[in-house]
Amino acid sequence: MSDIPFDLLQPILIHLPDRRHLSAAALVSRAFNRAVTPLLYRRLDSRVRRNILYHPSATLLKRPELAQYVWHVTETGKWRAVQKLRPQITEDILAALRLCTNITSATWVDDTSTPEANFLPVLDVLMTLPLRELTIRTQYDAGERVWSQLNTIQGIRRLSVWSLEWGPPRVLQGWADLLSSSLTHLELGRCAGVPATILVSVFMRLPLLQELCLKGAPSTAIPAIIACLPNLIALDTEYLGFGNYRTPLTPLPRLQRLTVHTGSVDIDGPQNLWTWMRILLPHQQTLKSFTLNAFAVHGQITIPRPFIRNLTDRHGKSLQDFAVGVAQLTLEIVSYMCSTCPQLATLECSVASPDVDSIIKAIESGHNLRTLTLHVSWIPDGSFDLPSQFERQLGLQALYADVSHLSGEGKTTRFTEEHARALMLQTHLRSIGIGDQSYTGRWVHREYSVQVTQDVEEEENVVLEVIVDPRV
């Protein structure tokens, strides 16, 4: 290890997964310690567990030279709960924070009922630092005095605001103008009740936005909002299931990632959902990732064939990740997607299948698949493909399908570790989740593996190791 040039140590050690591994690496040698120390203190988080406050302020006050390495801090309002036991805690936290002059990213988390009083002293210090990223997550609104100060901050590139209860929704009114020349990533977690005209007027002042997460905004306003954002490539929003959806006259941005959250208790809601999502994706071959988090009260929501065909016709050559959770696809549509989306690397959905072989056959055209997650309803052999039958009979009205009554009594079909290993050896798949089991595969040197697969000759130096991880 002493032969490794010092300049190469940190770029290598930065890939260690957590602080525990970094701490172990710091004990290897003096060179490793010098390389690891900036990484250990780059991100400091305060937290409370079992009424005990774990805060890095004591370390920083004892060793102030470490403060230069801190780039990100997470502070919590729960430190007020231990103030009686540690009367100097407020002064210690603020003094330690002032030492960290290189902080560019800060997170404030507060689920107490007094976020304004808790946050103001911390905010006073943060405003003296070169902040580029700011996250505020509170149970209650942070208060007018906090927002009066926030509205004077400039240069923020990433901003996330989540206040779950009480107080008015904060949608950057009065702040957007100062952020117009810098803000590229934005999360607004509470927009319910804000008129669409106000939302549009705010986003017209944020032309540099590239990624947007918007919760509670009226679905009718989403096309008009993103029309104000020519550089937007990622949208995470909700479909609330009402209103007419018209394409604005201004061209919509070329989205690369779309995530939609929705739930519905009726037929018309989901049917309008597909039309709404098509409006958001008017361009050709731009979408790389599509995620749908949906649930239905009556039965299981099934994605209609016309939507899949429209999506693959427009974005089949660019689509890499398709994750629709528990929404149902037929095996026929799974096979169609694998054959028409050559770059498809991630696939997640629900299916009904009589056996494992039918699943393997459906994905055989997915030559680039790396991750496969299927929520499977095992049906009796010889059963018809229920969702396809519904679609043939009812067309777009076949949005729900409940296959639970087809799960034959005593049917014990399972996707096993042997299935996973064989499939990984035959394809590029390295992560497979079928039903209640998930498997991760990796190639490792033979002498470091506890598994030796029969598919590898003895003289070969690597083996495929399959790790089993129960999901329930």
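# A guided tour of the predicted model

Begin by selecting Arg-145 and Glu-116: these residues form a salt bridge, in which the closest N and O atoms are 3.5 Å apart. The pair connects distant parts of the chain, since Arg-145 belongs to helix α7 (residues 144–150) and Glu-116 to helix α6 (residues 115–126), with their positions 29 residues apart in sequence. With a relative accessible area of 51%, Arg-145 is exposed. Glu-116, at 22%, is partly exposed. The model under view is a predicted one.

**The whole chain**

Zoom out before going further. The protein has 472 residues, and buried residues make up 47% of them. Its secondary structure comes to 16 helices and 18 strands. The accessible surface is about 23,500 Å², and carbon and sulfur atoms account for 52% of that area. Among contacts with a separation of 6 or more, 68% are between residues 24 or more positions apart. A search of the whole structure for salt bridges finds 14.

**Arg-170 and its acidic partners**

Next, select Asp-141, Glu-144 and Arg-170, which are linked in a network of salt bridges. Take first the salt bridge between Arg-170 and Asp-141, where the closest N and O atoms are 2.8 Å apart. Arg-170 sits in the loop between β7 (158–165) and α8 (176–179), and Asp-141 in the loop between β6 (133–140) and α7, so this pair ties together parts that are 29 residues apart in sequence. Are Arg-170 and Asp-141 buried or exposed? Both residues are buried. For Arg-170 the assignment follows because its relative accessibility is 15%, and the limit for buried is under 20%.

Now display Glu-144, which forms a salt bridge with Arg-170 at a closest N–O distance of 3.1 Å. This pair also links distant parts of the chain: Glu-144 is in helix α7 and Arg-170 in the loop between β7 and α8, 26 residues apart.

**Ser-160 in strand β7**

Move to Ser-160, which lies in strand β7. Ser-160 counts as buried because its relative accessibility is 5%. Which side chain makes a polar contact with the side chain of Ser-160? The partner is Glu-187, at 2.7 Å. To see the wider surroundings, select the residues that Ser-160 touches: Leu-134, Thr-135, Ile-136, Arg-137 and Glu-187, leaving out those up to four places away in sequence.

**The cysteines**

Select Cys-191 and Cys-213. The closest cysteine sulfur to that of Cys-191 is in Cys-213, at 9.1 Å, which is too far for a bond. A disulfide is a covalent bond between the sulfur atoms of two cysteines. How many disulfides does a search of the whole structure find? The search finds 0. Cys-191 is buried, with a relative accessible area of 0%. Cys-228 can be selected as well; this residue is also buried, with a relative accessible area of 18%.

**Arg-442 in strand β17**

Continue to Arg-442, found in strand β17 (residues 437–445). Arg-442 is partly exposed, with a relative accessible area of 44%. Select Glu-465 alongside it: a polar contact of 2.8 Å joins the side chains of Arg-442 and Glu-465. Beyond its neighbours within four places in sequence, Arg-442 is in contact with Val-463, Leu-464, Glu-465 and Ile-467. For a further distance check, pick the C-alpha atoms of Arg-442 and Leu-429, which are 9.9 Å apart in space, while the two residues are 13 apart in sequence.

**A nonpolar patch at the surface**

For the last stop, select Ile-4, Leu-8 and Ile-12. What do these residues make? Together they make a nonpolar surface patch of about 260 Å². Ile-12 is in helix α1 (residues 6–13). Ile-12 counts as exposed because its relative accessibility is 51%, and the limit for exposed is over 50%.

Terms used
Residues numbered from 1 in each chain as written. Predicted model: local features only at pLDDT ≥ 70, side-chain atom pairs only at ≥ 80, totals over all residues. Heavy atoms only, no water. Patch = residues over 30% accessible without salt bridge, like charges linked within 9 Å, V, L, I, M, F, W, Y side chains within 5 Å. Areas by Shrake-Rupley, 256 points an atom, 1.4 Å probe, with all protein chains shown as cover. Salt bridge = Lys/Arg side-chain N within 4 Å of Asp/Glu carboxyl O. Helix = DSSP H or I, 4+ residues; strand = E, 2+ residues; numbered from the N terminus. Buried < 20%, exposed > 50% of the residue type's maximum accessible area, 1.4 Å probe, protein only. Contact = heavy atoms within 4.5 Å. Polar contact = N/O pair within 3.5 Å; in protein donor to acceptor, adjacent residues only side chain to side chain. Disulfide = S-S within 2.5 Å.
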